[in-house]
Structure formats: structure tokens, C-alpha cells
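Visitor: I've got the sequence and the model open, and I'm a bit lost. Please pick one spot, take a close look at it with me, and then show me how it sits among the rest.

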Amino acid sequence: MTSPSSPPAPADRRRRHTIYHGHRRASPHRPTVRGGLITHLRATSPGPRPSPSSASPFRLPDWDPSSPSHSPRSPPTLPHSISASSRRLSPLARFLLDALRRHQRWGPPVVADLSKLRRVPPTLVAEVLSAHPPPPPPLALPFFHWAGRQKGFRHCFPAFHALASLLSDAGLPGAADQLPDLIRAHGKPVSHPQLTLLVRLHTAARRPLRALYTLRRFRHEFSVHACNRVLGALAAAGHVEDALKLFDEMSDGGVKPMPVTFAIIVRALGQAGMTERILEMITRMRDEVCQPDVFVYTALVKTMVRRGHMEGCIRVWEEMGRDGVEPDAMAYATMDGGLCNAGMVEEAAKLFEEMSKKGLLVDRVVYASLINGYVAAGRVGDGCRVLKGMVDAGYRADLGTYNTLIGGLCDIGREDKAYKMFQIVLQEDLAPSSETVSQLLVCYADKGEMVKFFGLVGKLAELGLPVLEFLADFLRLFACKDGRELKAVEVFKTLRQKGYCSVSIYNILIENLLKIKERKIALVLFEEMKVSDDCKPESCTYSYMIPCFVDEGTIEEACFCYNSMMKAEWIPSISAYWSLVKGLCKIGEINAAVSLVTDCLGTVENGPMEFKYTLTIIEACRSKSPEKVMKVVDEIIELGYSIEELTFSAIIYGFCKHATSTGAREVFSVMRDRDIISEANFIVYEDMLNEHLKKVTADLVISGLKFFNLESKLKWRSRID
């Protein structure tokens with residue numbers, strides 16, 4: 001028997017596991033104050049750990065990545081309700097956020113939950129407002145004010161900053177602009193960081209005018225860095241005049257510009273092409289701050305070249321020479337490319353020679369720009385000479401450069417040289433594109449050299465290239481040239497005999513034939529597609545053929561094409577909709593035309609404005625007032641849209657459905673008196689109104705007979721189409 005004073009056994013000296021419930025005193029090592037769900041603590045029993053002796057050593061040759069035994073151990077999973085950002089928050093901040101998100105609305109229940117904490121310090125308020133995702137503004141603002149009403153409480157600057165960021169991200173820039181007033185209301189001074197924060201928030205959200213408003217409101221407290229940020233945002237958004245006004249206000253307010261400030265203003269002026277103001281600003285920069293360096297000039301040249309202001313760009317280049325600034329390789333490359341794009345090849349060649357004499361690195365972009373410029377000017381020989389110099393310099397031309405030279409050689413009738421260039425493309429292991437061979441195929445087809453034509457097509461097939469796609473691009477290029485539409489059909493017949501045929505080729509031919517009013521040939525091609533097994537008509541084909549059938553006067557065939565598209569769940573083009581609606585209005589099928597208008601506006605993303613005004617007229621007819629309908633007609637005329645059959649059909653449809661035919665006649669009379677329509681058209685539309693009334697009356701009679709099951713007793717005196 002052991003005595004009470006004897007020391008306990010080793011097993012008794014083990015640490016006893018105690019579970020704390022409710023409140024306890026916080027410590028740096030255990031900051032959690034409350035137990036329960038908010039702590040997200042889970043008691044996990046330690047699993048058996050494998051002994052080091054039982055684990056086999058890892059050998060790389062025996063490793064199998066697909067084996068589950070060698071898969072990396074996954075980290076312990078946490079509850080899905082805890083995001084990565086919320087795990088970085090303190091437990092008290094998570095408690096406050098859970099209370100706000102649980103109630104979704106500020107009120108006594110939220111205040112009751114928040115009051116469970118003895119005190120909410122300012123740092124905790126800032127932590128809650130800067131959480132991701134933050135609480136919504138309808139909850140964040142009352143929480144901010146509730147925390148400020150605590151006894152002896154004063155908000156810290158991080159809390160103000162977090163509130164301003166929250167309001168700006170929520171799309172409330174006007175509320176975020178009240179941050180300085182809120183800081184002053186709490187008895188704190190407003191300094192540069194707070195006002196710079198607003199500028200940064202507005203510029204980051206691409207609100208340069210709002211940032212300018214904030215800057216002007218607190219102009220006396222801003223620095224040059226904030227002004228530079230606003231100037232950059234205004235220049236990027238294209239507000240050049242506002243940027244210039246702000247630059248002048250900086251000088252009036254005693255804010256000394258930096259070199260970066262002048263660089264921003266100069267680039268903004270370069271975007272607008274204000275050459276005189278650019279030279280004045282460069283002179284001012286030279287006098288007040290420092291001489292512009294090569295980086296300022298290069299950025300200015302690049303901006304003006306991108307905008308196409310080459311005359312001003314040349315003057316800036318000359319000003320750079322007068323300043324004694326030596327252009328670098330980037331400046332030369334930018335200027336050379338701009339001159340070539342503007343067609344000033346001689347000036348570009350001089351810059352190229354000057355660049356070579358100075359020993360600057362002439363990269364492949366400069367060579368490619370010069371080749372493109374020579375080919376565009378018709379000097380293909382000089383372009384080939386530049387290509388030779390490019391290869392001698394150790395560069396390898398890309399496919400775009402070869403395509404440019406092949407196109408230029410074909411344009412001057414040297415398809416033999418173009419074919420040799422094509423062989424060089426194959427020797428360089430470059431995959432030819434449709435642009436590479438289309439010009440060659442056009443030359444062969446235009447001269448009738450079909451042996452060379454099909455020889456090139458066979459070469460493409462040997463290379464495993466999509467021959468049908470290349471031929472479609474060739475026909476698109478060949479048929480678009482003036483007077484070659486019918487010749488393209490002859491080339492297509494030869495291709496079809498060789499087995500080269502596709503739906504896209506048919507569509508290209510039909511489109512170009514309809515442009516020159518060759519509807520008969522287009523109809524023949526369409527019939528071939530209908531009986532074909534491999535080239536059935538598709539959505540694009542039907543969209544081309546609907547206007548063709550309408551122009552031929554066969555509205556039934558056009559309606560058949562439209563119904564076929566609806567069965568296949570295809571969407572017609574806007575031109576097909578518009579043509580079919582016109583055709584239906586001409587034959588008096590007003591109900592079907594209005595139905596098509598509604599279907600088009602409900603399907604197409606941006607329908608014709610005439611269709612939108614059609615529904616506006618029908619809606620105005622609900623008021624049974626001809627004056628309101630005439631206001632819509634006047635608006636159509638004022639906007640420059642023509643008054644066509646659809647407008648009169650909408651007037652007839654609207655008044656017959658929502659009012660009486662008398663209102664439609666009154667509208668037609670007013671339009672006749674104002675010379676909007678002639679007397680002959682007035683008679684035509686009045687007859688159309690009478691015919692539509694007959695159809696509406698007949699439909700009502702037949703509907704009544706069907707309702708009373710008397711349709712079998714009706715004797716038709718004439719055939720109804």
C-alpha cells in the first residue's frame with residue numbers, strides 16, 4: 001500500500017486532456033476566446049503512425065506515377081464553408097462576419113449578436129471591412145457607425161481606408177469620395193495617403209473623370225504623384241483636353257511637374273496628333289525640368305505611328321536630331337515600320353541604311369516592314385533584294401514575308417518566280433497557308449493553265465493540307481474580282497469533275513452570283529445541292545436563297561426555305577429576314593410579315609431599326625389615336641429611315657387589331673396631305689387595308705364555325721389559296 005505522500009506513478013503524471021467550454025482567458029498562443037462552431041476546432045484521434053522500419057526506401061527506377069501507393073499524401077481537408085481568406089482572419093473577425101452574413105440585413109438581431117462582445121477595437125473593424133469577400137455596403141456602413149458609437153472609441157486610418165475600398169469596389173464612387181469629410185467628422189486630419197487612396201481607387205476602376213473631380217476638390221492637399229496618376233488615366237481614356245487643363249492647373253497651384261509628368265502629357269498629345277503642342281511641351285520640358293531622353297522620344301514616336309500621324313512623327317524625329325539625342329534600335333524600328341505602312345518607302349530605306357551604318361542591330365521586324373513596303377509600292381525586285389540581305393544577315397524569313405512576296409510576284413505576272421518562292425517555303429519546312437497558294441491558283445485559273453493548277457492542288461494533297469478549305473479561299477478571292485464570277489463557275493465545274501466540291505464552295509459561288517443578279521445560275525446550283533448527298537444546303541445557303549426567291553417572285557419557295565431553317569433550328573440572316581418581310585408585305589400577307597418581325601427581334605442580337613419601329617407603331621395603335629402614330633412616323637423620317645411597305649403594313653395591322661380601320665385611313669390621309677405618299681400609293685394602301693379587313697373577317701367567321709362545329713355545313717363558292 002502506497003502512502004499518500006509518495007510520488008504518483010508515471011502513468012498518473014500524464015497531461016490530462018481538458019475540454020474548455022464557454023469563456024476563457026485569451027493568450028498569445030491560444031487567441032480563441034469562445035468555443036463552439038466559430039472556432040472550427042475538431043477533435044481528431046491521432047492515427048497509427050507507420051514505423052520507419054516498415055516503410056520501404058524510395059527508388060526512382062521503380063516509381064510508377066499511376067500507382068496509388070506512391071501518390072503524394074493529401075493535406076487534411078477543412079470544411080467547405082471556410083475559405084482560404086477567412087482562415088487568415090482572427091476568430092473574432094470571423095464571428096463578426098458570420099453575424100453580418102447570417103442576418104443579411106441590419107437590425108436589432110445583428111446588434112444583439114455584436115453586443116455579445118465586450119468591445120470591438122478599431123483594428124478589428126478594419127479587419128472585418130477588409131475581408132474577402134467583404135460585407136455588402138448596406139451592412140458595412142451601419143457596422144462602421146455602430147462601432148464608432150462605442151464609449152471612447154476612435155476609428156483608425158486602416159478602417160477608413162478599408163471602408164473607402166469597399167465602397168469603390170461595390171460601385172459606389174460617390175460614397176467613397178466622402179471619405180475625407182468622414183475623417184474630419186471623426187476629428188482626424190486628412191493627409192496625403194487618404195486622398196491618394198481615392199485617386200488610386202478611381203484610376204484602377206477606370207474612372208478618370210471621377211479621379212479628376214476628387215483631385216480638384218482637394219487640390220491643395222495633393223502631390224505630384226497623384227496628379228501623374230490622374231494624368232495617365234485621362235490620357236489612356238482619351239480625355240486629352242482634360243489632361244491639358246489639369247497640367248495647367250498644376251502649374252497654377254504650385255505643383256512642379258516631374259519628367260514623368262511631361263512624358264505622360266507628350267504621349268497624350270501624340271495620340272491626338274497635336275504636333276505643335278508636342279513641340280511646345282518638349283521645349284517647356286527642356287527649359288523647366290530636363291532634356292527629353294531617347295525613351296521619351298521613342299515612346300512618342302511609337303504612339304504617333306500607332307495612331308497614323310506620320311507627318312507629326314517626322315517633325316518629332318527631326319526635333320530629336322536637333323536635341324542631339326541618338327535614336328536607338330527600337331526608335332529606328334518603330335519609325336521604319338510607320339514609314340513603310342504610310343507608303344513612304346524611300347524615307348524608310350534611308351533610315352534602314354543609316355541604321356546599318358551606325359552598327360545598330362537590324363532585327364527581322366525591320367526587314368519584314370521594308371519588304372512589305374516595297375511590295376505595296378510595286379517594287380517586288382527591291383523586296384527580294386531585301387530578303388536576300390535578310391538571309392545573309394543570318395535571319396530566317398517567316399511565312400508572312402514569303403506570302404507577301406508571292407502575292408507581289410503574282411500581281412506583276414511572274415507566277416514562275418512565285419512558284420519558286422513557294423518551293424523555298426517548302427524547303428524551309430514552313431507549312432503553307434491558304435494565302436500562300438491562293439494567289440498562285442488565281443494566276444493559273446485566270447490564264448487557263450489548269451495543268452499547273454491541278455499540279456499545285458495535288459502538291460497540297462501530298463502535304464496533307466486541307467485542300468477543300470484552300471480551294472474555298474481561292475474561289476472567294478477569285479470570284480470577288482470584277483468580271484470573274486462566271487469564270488469562277490467554269491472553274492468550279494472542272495473542280496467538281498475532279499471530286500473537289502464542298503458546301504462552302506457552293507455558298508461562295510451563290511453569294512457572288514447573286515451580287516451580279518445572275519439568279520438563274522444560282523438557282524441551278526441550289527437545285528444541285530438539294531439532290532446531292534454530300535453537299536446539302538445549310539443555314540448560310542438558305543439565307544442566300546431567300547432573297548433570291550423573293551426577287552424572282554416565288555414567295556412560296558422563300559417561305560419553304562425559312563420553314564426548313566426553323567425545322568433545323570437555324571437562324572436566318574438579317575438580310576434574309578428583311579427580304580422575306582418585304583415580299584410578304586407586297587403580296588398582302590401582313591400577319592405573316594409581323595410574325596417574322598417579332599421572330600427576328602427575338603432571335604437576332606441587333607435587329608433592323610425598321611423592325612423595332614414596326615412594333616412601336618403597333619403599340620401606338622393601341623391608343624386608337626392617329627396623332628400618336630404620326631409622331632412615330634415623323635420620328636422615323638427625322639432619323640433618316642425610309643417609309644416602306646412594312647410601315648404601312650404595321651399601321652394596317654395595328655389599327656385592325658386594336659382599333660378600327662378608320663384610324664388607318666386617317667393616317668394615310670395625313671401622309672398623303674403632307675406628300676409623304678402619292679395619290680396612287682394612297683389608293684394602293686387603301687386597297688391593301690380593305691383586303692386585310694376581308695381576311696380578318698373571314699378568319700373570324702371560320703373560327704366561329706369551328707367553335708360551334710358547323711364547318712361541315714359550309715359550302716365554299718370559290719377556292720381559297
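Guide: Let's begin with the whole chain: of its 721 residues, 41% count as buried. Here buried means under 20% relative accessible area, exposed means over 50%, and partly exposed is anything in between, with a 1.4 Å probe and protein chains only. Keep in mind that this is a predicted model, where local features need pLDDT of at least 70 and side-chain atom pairs count only at pLDDT 80 or more, while totals for chains, interfaces and linings use all residues. Residues are numbered from 1 along each chain as its sequence is written, and side-chain values use heavy atoms, with hydrogens and water left out.

The secondary structure comes to 37 helices and zero strands. Both are DSSP runs numbered from the N terminus: helices are H or I with at least four residues, and strands are E with at least two. Take contacts between residues at least 6 apart in sequence, and 60% of them join residues at least 24 apart. Contact just means heavy atoms within 4.5 Å.

Now for our spot: K624. You'll find K624 in the loop between α33 (609–620) and α34 (626–638). Its phi is near 60°, which is a positive value in a residue other than glycine. With 57% relative accessibility, K624 counts as exposed. Setting aside neighbours within four places in sequence, K624 is in contact with H658 and A659. K624 and H658 are 34 residues apart along the sequence, yet their C-alpha atoms are 7.2 Å apart in space.

Follow the chain to helix α35 (residues 645–658), and you meet a helix pair: the axes of α35 and helix α32 (residues 590–603) come within 10 Å and cross at roughly 105°. That makes the two helices roughly perpendicular. The naming goes by angle: under 35 degrees is roughly parallel, over 145 is roughly antiparallel, 65 to 115 is roughly perpendicular, and the rest is oblique. Axes are lines fitted to C-alpha atoms, for helices over the stretch in contact, and angles run from 0 to 180 degrees between N-to-C directions. On the α32 side, the contact uses I590, N591, V594 and V597, and on the α35 side L646, S649, I652 and Y653. Sorted by class, this contact has six nonpolar, two polar and no charged residues. Nonpolar covers Ala, Val, Leu, Ile, Met, Phe, Trp, Tyr, Cys and Pro; charged covers Asp, Glu, Lys and Arg; the others, Gly among them, are polar.

For a second helix pair, try helix α2 (residues 91–103) and helix α4 (residues 122–129), which pack at about 55° with their axes 9 Å apart. These two are therefore oblique to each other. Here L92, A93, L96, L97 and L100 of α2 meet L124, E127 and V128 of α4. That contact divides into seven nonpolar, no polar and one charged residue.

Back to loops for a moment. Like K624, R206 has a phi near 60°, and R206 sits in the loop between α9 (192–204) and α10 (208–217). At 76% relative accessibility, R206 counts as exposed. A different backbone detail turns up at P133, in the loop between α4 and α5 (137–148): the peptide bond from H132 to P133 is cis, with omega near 0°.

Finally, the rings. The structure holds 20 aromatic pairs. Rings of Phe, Tyr and Trp (its six-membered ring) pair if their centres lie within 6.5 Å; planes under 30 degrees apart are stacked, over 60 edge-to-face, and the rest tilted. One of the pairs is Y367 with Y395: their centres are 5.9 Å apart and their planes are at 55°, so the pair is tilted. Y367 lies in helix α19 (residues 364–376) and Y395 in the loop between α20 (380–392) and α21 (399–411), so the pair ties together parts that are 28 residues apart in sequence. Y367 counts as buried at 9% relative accessibility, whereas Y395, at 24%, counts as partly exposed. Elsewhere, ring pairs link F453, F454, F474 and F478 into a cluster.
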